[in-house]
Amino acid sequence: MSDMTAGPRAPADPDVPAMEVRFRGGGFAPESRRWVGVAVFVALIALVEWGTRAGWISPLTLPRPTDVFGTFVELWNSGLLFKHLGPSLSRLAVGAALGASAGILIGVLIGLFSYVRAGLVPLVAALFPIPKIALLPLFVIWFGIDEGSKYALIGFGTFSPTVVATYGAVDNVDRSLIRMGQSFGLSWLSIVRKIVLPGAMPGILSGLRISLAIAIILLVAAEMLGAEYGIGAYILQAGSLYDLERLFAGVVILSLLGLLVSATIAQIERRILGWRT
Amino acid sequence: MDIRLEAISHAYGDTDVLEDITLDIPAGRIVCLVGPSGCGKSTLLRIIGGLERPGAGRVLQVGAPPEGCLNPLTYVFQDFALLPWRTVRGNVSLVLEDHGIRRARARDIIDDVLARTKLSDFAGALPKQLSGGMKQRVAIARALAVNPAVMLMDEPLSALDSQTRELLMDDLIALWTRQPFTSVYVTHNLAEAVRLGHRIVVLSRRPGRICEVVEIDKPLAERLYADPDLDDVQRHLWELMRDEARAAEEELIDV
Ligand SMILES: Nc1ncnc2c1ncn2[C@@H]1O[C@H](COP(=O)(O)OP(=O)(O)O)[C@@H](O)[C@H]1O
Ligand SMILES: [Mg+2]
């Protein structure tokens, strides 16, 4: 093999300038850089801590992170944290489950049937931009001041984005796969179950990310009326008293909830969408 | 089971695509359809398989499909059409499940077709792990699993590189020699047509009409790579097609 390289070739002429080809193919390919996210958080918190201690951030603008943490620990020790978290999580779970499952169902029907599409797409488009918070009094009348109105608010809020994402995902399923199913004489139900739904799954899951974030946003709104306990109620109470430490402790809990939901979906995607290239 | 096409014509809106195609596809033979691109080969194949309704004329199945045939008219697509979320085994099993074939019976069929297409070692692989040639072999295995009366192949090798194409042609010939199947094989590649076709149907440019039907008597197993006997046929086919292809090409630019 060694004499291959020693074959005849033009000797390098030292007078002709040679330049190495510049690499220009980098970027545009997301890589896993987990620690950067953590570093950004830590840096921001450290900055605020330093600012509040040094005095160039007044305690009226931002609470000191260590104080917020102290409030959080207090909340934990007194057991109040779980008293607030329990009802909130159940509202979130029930409301989002209702809204998302109804949304996926309607979205799939819109994707499959032209009449359903013609009838419901304009309706969904009309419902989507309504701020559901504005309807809270209506939901209270319809579903009662107790849990019913809270489930309804969160459910309606998650419903419309889920519908839009789902029928988009069904529309995007590779037509050639459906034609393949038909050419093998698969039944309509088999084509839906084995080709359309798995093919739409990536789009449905990425729609759920957005819908569930909206559900967390609406949790606070849902607890505006008739809620004694709940993270939202806790934040609203702290806000009305201008108790910034407690307000921030509540906000941090919501953020953590959001992170948790997003991580869960990422985990599900890794598990069931491993077939994607 | 034979297939008979009777005076098939078809148009998409104002564009006539096929005109008066009458053709017999005898059992146990491979009929190749060649013609310039856009002349309606894929459309004709979709009409034969019942995926599209012809504007005029009809497609007849003459005789009963063989015993144990689950899907008489079965396609092999150019883009493979494998479900990316199913393994090789799962992709084959997909077409058996609807016929109530499960467990041991399904396993026997799947093992058999995977062995015939030399895929036994890849039963658990996902499509994304396979090369193009292997994906097309999976699609062929899937088609064989339903024991088709007629295989409708739409440019099955056109997405593959030329070495893979040669290998797969050998595979197809071996499959046919072991157990002759009936096939309508669409291609724009004349070398494929003379290698695999018992009968080669040359279509004109759009609207597609039958220009000539060429029979090749030499048995498939005796046809070799760059076979001199086939060269004459291939040259003759090219002569028939050259002007049509050029005209079709210029037509596309005009549009
Ligand atoms: N679904 C369709 N709607 C309208 N025109 C079509 C459709 N399918 C094919 N065509 C047109 O019909 C002609 C024949 O197409 P096709 O059968 O795919 O040709 P080939 O496979 O021979 O290249 C082309 O001009 C194409 O643009
Ligand atoms: Mg075609």
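These exercises walk through a predicted model with chains A and B.

Residues are numbered from 1 along each chain as its sequence is written, while chains are lettered from A and ligands numbered from 1 in the order in which they are written. In this predicted model local features need pLDDT of at least 70, side-chain atom pairs count only at pLDDT 80 or more, totals for chains, interfaces and linings use all residues, and side-chain values use heavy atoms, with hydrogens and water left out.

**Exercise 1. Describe the fold and spread of chain A.**

Step 1. Take the secondary structure. Chain A has 11 helices and zero strands. Helices (H or I, at least four residues) and strands (E, at least two) are DSSP runs, numbered from the N terminus.

Step 2. Check the spread. The radius of gyration of chain A is 27 Å, well over the 19 Å that the globule rule gives for 277 residues, so chain A is more spread out than a compact globule. The radius is taken over C-alpha atoms, and the rule is 2.2 Å times the number of residues to the power 0.38.

Step 3. Add the box. Along its principal axes the C-alpha trace of chain A spans about 90 × 70 × 30 Å.

Step 4. Look at the surface. Chain A has an accessible surface of about 17000 Å², and 69% of it belongs to carbon and sulfur atoms. The areas come from the Shrake-Rupley method with a 1.4 Å probe; for residues, only the protein chains shown count as cover. Of the 277 residues, 34% count as buried. Buried means under 20% relative accessible area, exposed over 50%, partly exposed in between (1.4 Å probe, protein chains only).

**Exercise 2. Do the same for chain B.**

Step 1. Chain B comes to seven helices and nine strands.

Step 2. Its radius of gyration is 18 Å, close to the 18 Å that the globule rule gives for 255 residues, so chain B is as compact as a globular protein of that length.

Step 3. The C-alpha atoms of chain B fill a box of roughly 55 × 40 × 35 Å, taken along the principal axes.

Step 4. Of the 255 residues of chain B, 50% count as buried. Chain B exposes about 11500 Å², with carbon and sulfur atoms supplying 47%.

Step 5. Turn to the record. UniProt, in an unreviewed entry, places "domain: ABC transporter" at residues 3-230 of chain B. Its positions are given in the numbering used here, feature names are shortened, and annotations may be inferred rather than shown by experiment. Over residues 3-230 the chain is 32% helix and 25% strand. The end C-alpha atoms of that stretch are 27 Å apart.

**Exercise 3. Place Ile47(B) and list its contacts.**

Step 1. Ile47(B) lies in helix α1 (residues 41-48) of chain B.

Step 2. Ile47(B) is buried, with a relative accessible area of 3%.

Step 3. Set aside neighbours within four places in sequence. Ile47(B) is then in contact with Ile8(B), His10(B), Leu18(B), Glu52(B), Pro54(B) and Val59(B). Contact means heavy atoms within 4.5 Å.

**Exercise 4. Find what covers helix α10 of chain A.**

Step 1. Helix α10 runs over residues 231-240. Its buried residues include Ile231(A), Tyr234(A) and Ala238(A).

Step 2. The cover of the buried residues of α10(A) includes α3 (65-77), α4 (80-112), α9 (188-222) and α11 (244-272) of chain A.

Step 3. Move past the helix end. Tyr242(A) follows α10(A), and its phi is positive, near 55°.
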